[in-house]
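Student: I've got this one open in the viewer and I'd like to go through it with you. Can we start at the contact between the two halves?

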Amino acid sequence: MPAHQFMLNGQPVSVESPADLPLLWVLRDVLGVTGPKYGCGVGVCGACTSHLDGEAFRPCLHPVGEIAGREVRTIEGLADATGLHPVQQAWIAEDVAQCGFCQPGQIMAAVALLRKNPQPTDADIDAAMSDNVCRCGTYVRIRSAIHRAALLLRSGASLLER
């Protein structure tokens, strides 16, 4: 089996697996990174949303063979030694999670949105998050948390530093 090397949450990793194995299975079953969830396997629910080279992506859609030499960040790599990421802080403050299953993907999508648009409107948030399904229906709290995170980030924290 071929070895595939990439960066995961700031650390180099090497895994032996078939090149066509979806990265989601490599993350969860080979590397034990369980933040990205399996929801649909076809990229429509957003439960597995992570970042590839700083952009939101769905690891269920990308084979590990496409990831060589790139940077993958999951929810496990979002917080740092100084504490939770501002989006995670906002999620807690707004009491977003009910069941919590979709929240890692929601948070990672929100971080990507705020990197591109630090002052999103409700319409911007709705458009950006429309492909991340929350079966509990906490969309109003998700929107509030993104607005709160945007304020936190504008007050001093930087998404580019985290």
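Student: Across the interface of domain 1 and domain 2, how many residue pairs are in polar contact?

Tutor: This is a predicted model, so here's the small print: local features need pLDDT of at least 70, side-chain atom pairs count only at pLDDT 80 or more, and totals for chains, interfaces and linings use all residues. Residues are numbered from 1 along each chain as its sequence is written, and side-chain values use heavy atoms, with hydrogens and water left out. A polar contact is a pair of N or O atoms within 3.5 Å; within protein, one must be able to donate a hydrogen and the other to accept it, and residues adjacent in sequence count only if both atoms are side-chain atoms. With both residues at pLDDT 80 or more, the rule finds this number of pairs across the interface of domain 1 and domain 2: 9.

Student: Which elements give two or more residues to the side of domain 1 that touches domain 2?

Tutor: Helices (H or I, at least four residues) and strands (E, at least two) are DSSP runs, numbered from the N terminus. By that numbering, the elements giving two or more residues to this side are strand 3 (50–52) and strand 4 (55–57).

Student: Where do the two domains begin and end, and how far apart are their centres?

Tutor: The bounds come from an automatic or database domain assignment. That gives domain 1 as 3–77 and domain 2 as 86–161. Taken over C-alpha atoms, their centres are separated by 21 Å.

Student: How much area do domain 1 and domain 2 bury between them?

Tutor: Buried area is the accessible area (1.4 Å probe) that two parts lose on being put together, summed over both. Carbon and sulfur atoms account for 58% of it here. On the domain 1 side, Cys45, His51 and Ile75 lose the most area to domain 2, together 38% of what that side buries. The total for the two domains is about 1300 Å².

Student: Which residues form a salt bridge at 3.0 Å?

Tutor: A salt bridge is a side-chain nitrogen of Lys or Arg within 4 Å of a carboxyl oxygen of Asp or Glu. The count between domain 1 and domain 2 is 1, while the structure holds 6. The pair whose closest N and O atoms are 3.0 Å apart is Glu55 and Lys116.

Student: Is Asp53 buried, exposed or partly exposed?

Tutor: Buried means under 20% relative accessible area, exposed over 50%, and partly exposed in between (1.4 Å probe, protein chains only). Asp53 is found in the loop between strand 3 and strand 4. Its relative accessibility is 41%, so Asp53 counts as partly exposed.

Student: What does the side chain of Asp53 meet in a salt bridge?

Tutor: Contact means heavy atoms within 4.5 Å, and not counting residues up to four places away in sequence, Asp53 touches Arg70 and Glu71. The salt-bridge partner is in the loop between strand 4 and strand 5, 17 residues apart from Asp53, and is partly exposed at 32%. At 2.7 Å, N to O, that partner is Arg70.

Student: Why does the Arg148 and Glu94 pair tie together distant parts of the sequence?

Tutor: The two form a salt bridge, with the closest N and O atoms 2.7 Å apart. Arg148 lies in helix 5 (residues 139–154) and Glu94 in the loop between helix 2 (86–93) and helix 3 (103–116), so the sequence separation that the pair ties together is 54 residues.

Student: Which residues of helix 1 are buried?

Tutor: Helix 1 covers residues 23–30. What covers its buried residues includes strand 1 (3–8), strand 2 (11–16), strand 4 and strand 5 (71–73). Those buried residues are Leu23, Leu24, Val26 and Leu27.

Student: Last one: what is the relative accessible area of Thr74?

Tutor: Thr74 lies in the loop between strand 5 and helix 2, and a polar contact of 2.6 Å joins its side chain to that of Glu76. Leaving aside neighbours within four places in sequence, Thr74 is in contact with residues including Leu8, Leu27, Pro36 and Met108. Thr74 counts as buried, with a relative accessible area of 0%.
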